[in-house]
Structures are given as structure tokens and as C-alpha cells.
Amino acid sequence: QVQLVESGGGLVQAGGSLRLSCAASGRRSLNMGWFRQAPGKEREFVAAISGSGGSTSYGDSVKGRFTISRDNARNTVYLQMNSLKREDTAVYYCAADPTGFSRSPSLNMYWGQGTQVTVSS
């Protein structure tokens, strides 16, 4: 069983930065990542990182602004979000997948409870 706990969300002005954290327990070195979901929209892939940290991928809407990283000693994944825009407002969910990491939510994934990010103009 895997448990994921996110933190770091909040209210920020457009152009600002936030860093999200996701602490995992139960298993180590899983492929992990972030999705987000805005009201009335589907859950959207944001970023993913391999278990070793050697491979990352990003959604087109965040590429160049967001950076995913991990500290395997702490079993924690981070999402550094810079140059935030109003359209980044959403609930951000951490996910872990023992079988790989799809850009679409899958039944294999474990999920955190979500953390709200609100970007104001």
C-alpha cells in the first residue's frame, strides 16, 4: 500500500512561484508525478519523474515553467512552479505508479488527497 501526502499549495499572484511537495510512504522509488484538475475540467497531466530521477516529462502547458524533482532519501517528490498564470489554478494531485507512468489517470495509480493552487491576477 502506498500513501501520498501533498503540501505547499496556496494563493499566489500571477508571475509568482510555489513549490509543491509529495511525501510517499509504503514503497520507495516508484515512478511519480503530478496531475491537476480545474473546476469543470478533466484531470490533466502536469509532470512525471522516474523512480531514479533520471527521466522527466512535462505537459505542454507547463513546459519551461515547472520543474519536477525528487529526493529518494526522503521519498519525496517536488514540483517547482514558476511564472504562474491564472490558468494554472487547480487542485494538484500527486500520483505514484508501480507499473510505469501514463499521461492519463490509470487504475494502477495511487493518489494523494490534492492541494489547491490559486493564481490571482
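The legends below accompany an overall view and several close-up views of a predicted model.

**Figure 1. Overall view of the protein chain, an arrangement of strands without helices.**
The predicted model contains 11 strands and zero helices. Read along the sequence, the elements therefore follow the pattern β-β-β-β-β-β-β-β-β-β-β. The C-alpha trace spans about 40 × 30 × 25 Å along its principal axes. The radius of gyration is 13 Å, which agrees with the value near 14 Å that a compact globule of 121 residues would have. Of the 121 residues, 43% are buried. Among contacts with a separation of 6 or more, 57% are accounted for by residues 24 or more positions apart. The accessible surface comes to about 6,100 Å², and carbon and sulfur atoms contribute 44% of this area. The chain carries 13 positive and 8 negative charges, and the mean positions of the two sets lie 4 Å apart.

**Figure 2. Close-up of the disulfide between Cys 22 and Cys 94.**
The structure holds one disulfide. A disulfide is a covalent bond between the sulfur atoms of two cysteines. Here the bond joins Cys 22 to Cys 94, with an S to S distance of 2.0 Å. The angle about the S-S bond is -80 degrees, and the link is left-handed. Distant parts of the chain are brought together by this pair: Cys 22 belongs to strand 3 (residues 18–25) and Cys 94 to strand 9 (residues 90–97), with the two positions 72 residues apart in sequence numbering. Cys 22 has a relative accessible area of 0% and is therefore buried. Cys 94 is likewise buried, also with a relative accessible area of 0%.

**Figure 3. Close-up of Glu 6 in strand 1 and its surroundings.**
Glu 6 lies in strand 1, which covers residues 3–7. Its relative accessible area is 5%; because buried means under 20%, Glu 6 counts as buried. Neighbours within four places in sequence aside, the contacts of Glu 6 include both cysteines of the disulfide, Cys 22 and Cys 94. Ser 21, Trp 34, Tyr 92 and Tyr 93 are also among the residues in contact with Glu 6. Further contacts of Glu 6 are made with Gly 112, Gln 113, Gly 114 and Thr 115. Between Glu 6 and Thr 76, which are 70 residues apart in sequence, the C-alpha to C-alpha distance is 9.5 Å.

**Figure 4. Close-up of two loop residues with positive phi, Ser 29 and Asn 75.**
Most residues other than glycine have a negative phi. Ser 29 is not a glycine, yet its phi is positive, at about 60 degrees. This residue is found in the loop between strand 3 and strand 4 (31–37). With 44% relative accessibility, Ser 29 is partly exposed. Asn 75, also not a glycine, has a positive phi of about 50 degrees. The loop that holds Asn 75 runs between strand 7 (66–71) and strand 8 (76–81). Whereas Ser 29 is partly exposed, Asn 75 is buried, with a relative accessible area of 6%.

**Figure 5. Close-up of Ser 120 in strand 11.**
Ser 120 is located in strand 11, which comprises residues 115–120. The relative accessible area of Ser 120 is 25%, and the residue is partly exposed. Apart from neighbours within four places in sequence, Ser 120 is in contact with a run of residues from the early part of the numbering, namely Leu 11, Val 12, Gln 13 and Ala 14, and with Arg 86. Ser 120 and Arg 86 are 34 residues apart along the chain, and their C-alpha atoms are separated by 6.0 Å.

**Figure 6. Close-up of Gly 59 in the loop after strand 6.**
Gly 59 is placed in the loop between strand 6 (56–58) and strand 7. Its relative accessibility is 6%, and Gly 59 therefore counts as buried. When residues up to four places away in sequence are not counted, Gly 59 touches Phe 45, Val 46 and Arg 103. The contact with Arg 103 links positions 44 residues apart in sequence, and the C-alpha atoms of Gly 59 and Arg 103 are 8.4 Å apart in space.

Definitions and conventions: Residues are numbered from 1 along each chain as its sequence is written. This is a predicted model: local features need pLDDT of at least 70, side-chain atom pairs count only at pLDDT 80 or more; totals for chains, interfaces and linings use all residues. Side-chain values use heavy atoms; hydrogens and water are left out. Helices (H or I, at least four residues) and strands (E, at least two) are DSSP runs, numbered from the N terminus. The radius of gyration is taken over C-alpha atoms; the globule rule is 2.2 Å times the number of residues to the power 0.38. Buried means under 20% relative accessible area, exposed over 50%, partly exposed in between (1.4 Å probe, protein chains only). Contact means heavy atoms within 4.5 Å. Accessible areas come from the Shrake-Rupley method with a 1.4 Å probe; for residues, only the protein chains shown count as cover. Lys and Arg count as positive and Asp and Glu as negative; His and the chain ends are not counted. The place of a charge is taken as NZ of Lys, CZ of Arg, CG of Asp or CD of Glu. A disulfide is a pair of cysteine sulfur atoms within 2.5 Å.
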